[in-house]
Amino acid sequence: MNGDGAARRPFAWEASYPARIGWDDPIAVCGIGDYLASAVRRYRDRAALQYCEARISYAELGRLVLQAAAGFLALEGAREGGVALLLPNTPWHTICFFGAASADLRIVQLSPMDSIRELEHKLRDSTARIVVTFDAVDYLAKCRELQEKGLIDRIILADDARWGAADETAGVAGLTRLDELIDRAPLPRPLDVDPQGIAVLQYTGGTTGLPKGAALSHANVIAAAEISAHWQSVRANSEGRHDQVLMCLPLFHVFALTMTNRHLGHGNTVHLRRRFEVETALDDIERHRIGIFHGVPTMFIAMLGDARLERRDLSCLDYATSGGAPLPAEVGRSFEARTGIRIHPGWGMSEAAAIGCQHVPGGEIRPGAIGLPLPGIELQVVALEDPSRLLPAGETGEFRMRGPNLFEAYWRREHERDKDFVDGYFRTGDIGHIDADGYVFLTDRKKDMILSSGFNVFPRTVEEAIYEHPDVAECVVIGVPDAYRGQAAKAFIVLKAGRRSFDLDELRAFLMSRLGRHEMPQAMEIRDRLPKTSVGKFSKVALQAEAARAAS
């Protein structure tokens, strides 16, 4: 099938859209600062953020953002290198993000979980020499080391004591305090910006080498937020609705950043939490009558481990989404069976400001699917060996995409664009298929595919089958060297509390009717826990590194 025929509208997924949503509905974009300023004008007295003991209104948030913008503009070097944020979940992250954007300064997202080596690379690559960080010993130690290496000119400390949190100050003198930096007259309004100008460097995970900065424009960031908001507008009684949103995902990750932007742009109250703790999260949902929760699969798996889950009053929670990694179908089924709440799986990438596909709110949840391509987003499936050859519905290949939320190129790697883009579409590196109704099924990451005895084995297919085992709580499958097959699947499993262990032969007997012979795990480990990334996803990279060390 050639590209012209396959790309012609209407797309298959349009027939599965809710009646009031059109794929080509207009999506307005603007500067990130103007986006928040518009919400401040409309919702001044409403709570924008709730954190620890603090309730921060839209009016207060807007004032602090414009004060931060004025403070950043006064810093030498800010216009050239922008501002890097090395922060946990705290209102300071939101204030600094919108503050830098309002000052038309580039924002560099850094993860507190990064190693010194990763932070060194990101600072060198981004050219940012101003870092806003958290007033705690571990954060400061990293920044001091980077400063000694000549990579940071100015460290700015954010102190959570302002919001009623415990004082974590490390008692370091001689550094700029964020409170003091922004204690000045605010900008009268956000600076005028080119919506196509670069706003955020969102670094990829670096699983195939050093991280690359996805250079997201103001338009990319706002398009993602507005597409998401438009899609969610089909929820019952959505007109003029004021939702309470629980945000435990880390704001340095693009999923949390885009969802927070979307909710602040439409007057919702974001209950911001430093980290995800299952008991606290469930308590928050009950106490604050949370209506929306965005999580990753491991969060829902942890909730399923709560012994009191069925007795909790979660009736307020009418929209739960899962992203960051594929949601195992069995986890979704179990969660709905025990709580009555359906999880809406979705998919996105840093390069697309976190959005791509989503199930219709309140609509059909097609088992194993990651949803429908969202308005304005085109998704195609191309042959693994030829990214210019489109495949028909139902055939498996690599996804390629385009849309208003998609970046133009990686920062300082514009020369590689011809490798990353084909026919104007970004090669995602994800493998899967699109069915006749337009639902998208993600099989695996191309780099995670196992080549076993000449057969393609997709770890997610094996994981989905293992999750059906009644004693399995968590599972990760990777490819390991195999003298006979070249590569073979190895399963790492965490058991549900109180369940008995089993061996590889028992597991293979259970999987006999669920997998082909070439897909059967050839090795298995049962562990107390599995390694996770900073956003809570299972870390295949860590397990692959272990396997490589063992093989050597």
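The lining of the largest cavity divides evenly in character, with four nonpolar residues, four polar residues and no charged ones. This cavity belongs to a predicted model, and a search of the whole structure finds one cavity of 30 Å³ or more. The space inside the largest cavity comes to about 30 Å³. Its walls are made by His93, Thr94, Phe97, Phe98, Leu251, Leu257, Thr260 and Asn261. Two helices, α5 (91–102) and α10 (254–264), each supply at least two of these lining residues, and α5 gives the largest share, with four.

The second largest pocket offers a useful companion to this picture. Its volume is about 1,200 Å³, and 46 residues line it. Those that lie nearest the centre of this pocket are Phe276, Thr298, Met299, Ala302 and Lys532. By class, the lining of the second largest pocket holds 25 nonpolar, seven polar and 14 charged residues. Helices and strands both take part: α7 (137–148), α12, α13 (329–339), β25 (472–482) and β26 (486–495) each supply at least two lining residues. The largest share here, five residues, comes from α12.

Helix α12 also leads to the sheet. Nine strands form an open sheet with mixed pairing, and the order runs β2-β1-β11-β10-β12-β13-β14-β15-β16. At the edges stand β2 (54–57) and β16 (372–373); each has a single partner strand, so one side of each is left without a neighbour in the sheet. Within the sheet, β10 (residues 244–247) and β11 (residues 269–272) pair in the parallel sense over four bridges. In this pairing, Val245 stands opposite Val270 in β11.

Helices accompany the sheet as well. Helix α11 (residues 278–288) lies across β1 (47–51), β10 and β11, and its direction runs at about 170 degrees to β10. Helix α12 (residues 297–304), already met in the lining of the second largest pocket, packs on the sheet and touches β12 (292–295), β13 (319–322) and β14 (343–347). The direction of α12 makes about 115 degrees with that of β12.

A word on confidence is helpful when reading these features. The protein chain averages a pLDDT of 92, and 95% of the residues score at least 70. Over residues 1–6, by contrast, the pLDDT is below 50. Beyond near neighbours in sequence, the stretch of residues 1–6 has six contacts in the model.

How values were computed. Residues are numbered from 1 along each chain as its sequence is written. This is a predicted model: local features need pLDDT of at least 70, side-chain atom pairs count only at pLDDT 80 or more; totals for chains, interfaces and linings use all residues. Side-chain values use heavy atoms; hydrogens and water are left out. On a 1 Å grid over the protein atoms alone, a cavity is a set of points where a 1.4 Å probe fits but cannot get out, and a pocket is an open set with protein on both sides within 12 Å along at least five of seven lines; lining residues have an atom within 4 Å of a point. Grid points are joined across faces, edges and corners, and a volume is the space filled by probe spheres set on the points. Ala, Val, Leu, Ile, Met, Phe, Trp, Tyr, Cys and Pro count as nonpolar, Asp, Glu, Lys and Arg as charged, and the others, Gly among them, as polar. Two strands pair if DSSP finds at least two bridges between them. Contact means heavy atoms within 4.5 Å. Axes are lines fitted to C-alpha atoms, for helices over the stretch in contact, and angles run from 0 to 180 degrees between N-to-C directions. pLDDT is the predictor's confidence in each residue, from 0 to 100.
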